[in-house]
Every structure is written in structure tokens, then in C-alpha cells.
Amino acid sequence: AFTAHTGIDVNVAFLENGMLERLLAEGVRSPADVILTVDISRLAAAVAAGVTRPVLSETMLANVPAQFRDPDAHWWGLTSRARVIYASRDRVGDGEVTTYEDLTNPKWAGRICTRSGTHSYNLGLSSAMIAHLGEPGAKDWLAGLKANLARKPQGNDRAQIKAIWAGECDIALGNTYYMGEMLADPEQTQWANSVRIVFPEFGDGGTHVNVSGVAMTRAAPHPAEALKFMEFLTTPEAQKIYAEANYEYPVAPGTAPSDVVASWGSFTPDPTNLMDIAKLRATALRLTEEVDFDG
């Protein structure tokens, strides 16, 4: 849709379902010019695999804040989603939970739901906890969160919100865009309406975010066109379209989110660069397994 809108002829690879392995197998013969994907872990994996190239552009530097792009310019964020707390409208009062650290308070014992601690979304949050608290603090946080779970980690983010609606728990971790997806699904609207979004911060400030992003492939057969395409995707015009489609927040300064997304409220993103958080992922997985989070 974007290539039709811009008239820029590029080949886009969506980095999911084995696409990284395919790009590696194709090597220099790959027809892909750019990669589009969600989650910093996939972007970092593409960089580590050597299938991307650095791209510098004054346009993109102006449109993408530093924490939403690779310091070495291999990938660029387009939209962001926050890892938030979904709280029961009936059983959780305003201001009862304001930080990620609050989730370890004993008052939440038996009241929290979440998906697997080894899922990419939760590993991202745990990695950020290491960045803010160090390894010992993050391990204590994981153990404290586990102690407050209402049930064994299971399901996806929407399953946690359904569990709140069903009375199985009172708060849950989830990504913001799931609220938009549930409101658009008549069978899930009642789940969405049973909760409100709380934007927690780390004790030293900022809400954990992740991104949907773009990168140019190392083998791009049309690098000039690929650069034009990437520059367009970072403009407020394109970000508005992209963010409305995926219920995420545009990263370009001054670009307003859709009305639905804006209704959830605003937040201050964690200023820690996402690539620095991605580097802590292996440590986060080790700590998660050491506390037997999913056990």
C-alpha cells in the first residue's frame, strides 16, 4: 500500500515466519530492499545476522528520536507501543499502581495475570528492568512479580485482559495496541471495556516501549529507492497512516496518534536506547529461568 501511495518501487520483506532464515539463505541474491517488522528483538536479530546495512539520512534523523533508532543506524523505529498495566475498572482504584516496581507489592498477591515470562514482550520488559535496577534488582523484581501471580503464566496479552473481565485477576501486563484490536472485535469489546490502561514508569522514570521498525537489507538491489521509501515512512504523513493501522504511537515529533489511541492517554517513554535493552535479553532470559517464573 505504501509503495503504491509513493510510487517508489521497492521489495519489502516482513521479518516473521522464517523470513530471517530466508534472507540469510538468499544472501546477495535476495530481492528484498527493506525489512519491516515489530519488536526490537527481531530488529536486533537482523542486525546480528548481518542482513542489514547502516543508513544515514537527515530526514530520518529529524523524524526518529534517538531512543527509537539503532545507534549504528541499521534500523529505524516507525511507531511505538507501551508495555502497560491493564487494571480492572471495578476492583482497582486510580493511583493504586503507578510503577513497574509496584507489581511486587504484597497487596497484589494472587491478583496479577501475565503471559509467559520467556515471551519476547516480557523479556523486553525484564531487560529494561536490568538496565534500571541491575541484575540483582531485576531478579528480585521477577521473583516478587511471580509471587503475586493469580495463576501460572499462560496465553497471550488479550487472554490476560479476558481473565480480568472474568474475575480471575485484577491487573495484567499487556501492550497498548491490544486495546485497539479488542475494541474492533465485537466478541472482545466487553473485555476491553472492563479495564483501563495505566502507564507505569520505572522508579527512575519512563514507560517501557517497543517499536515497529524498518531497515535496509545488506543486499538491497535498489538502495536509492529503498532510502526514499524509508524516509517517507518516517514522515508525519506516513506515520499517521501506519499508526492508525496498527493502533500504535507515531515516533515522529509532533505527530498525533489516532483518536482511539489518544483516548488511552499519553506517557513519557523510557529514554534508554532500545538497542541497549536488546543487548540484555540473554541475561533477562537467564534470570527468568533462575526464578522459575513460568513454573
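**View 1. Helices α5 and α13 are roughly perpendicular to each other (angles of 65 to 115 degrees count as such, under 35 as roughly parallel, over 145 as roughly antiparallel and the rest as oblique).** In this predicted model, where local features need pLDDT of at least 70, side-chain atom pairs count only at pLDDT 80 or more, while totals for chains, interfaces and linings use all residues. Helix α5 (residues 120-147) and helix α13 (residues 281-290) pack at an angle of about 75 degrees with their axes 8 Å apart, the axes being lines fitted to C-alpha atoms over the stretch in contact and the angles running from 0 to 180 degrees between N-to-C directions. Helices (H or I, at least four residues) and strands (E, at least two) are DSSP runs numbered from the N terminus.

**View 2. Residues at the contact of α5 with α13.** With contact meaning heavy atoms within 4.5 Å, the residues involved include Y121, I130 and L142 of α5 and L285, R286 and L287 of α13. Residues are numbered from 1 along each chain as its sequence is written, and side-chain values use heavy atoms, with hydrogens and water left out.

**View 3. Strand β8 (residues 209-217) and its pairing with β2, β3 and β4.** Nine of the nine residues of β8 are buried (under 20% relative accessible area, against over 50% for exposed and in between for partly exposed; 1.4 Å probe, protein chains only). Strands pair if DSSP finds at least two bridges between them; β8 runs antiparallel to β2 (residues 34-38) over five bridges, with V34 partnered by M216, and to β4 (residues 76-88) over six, with W76 partnered by V214. Strand β3 (residues 52-53) also pairs with β8 in the antiparallel sense, over two bridges, and there T52 is partnered by T217.
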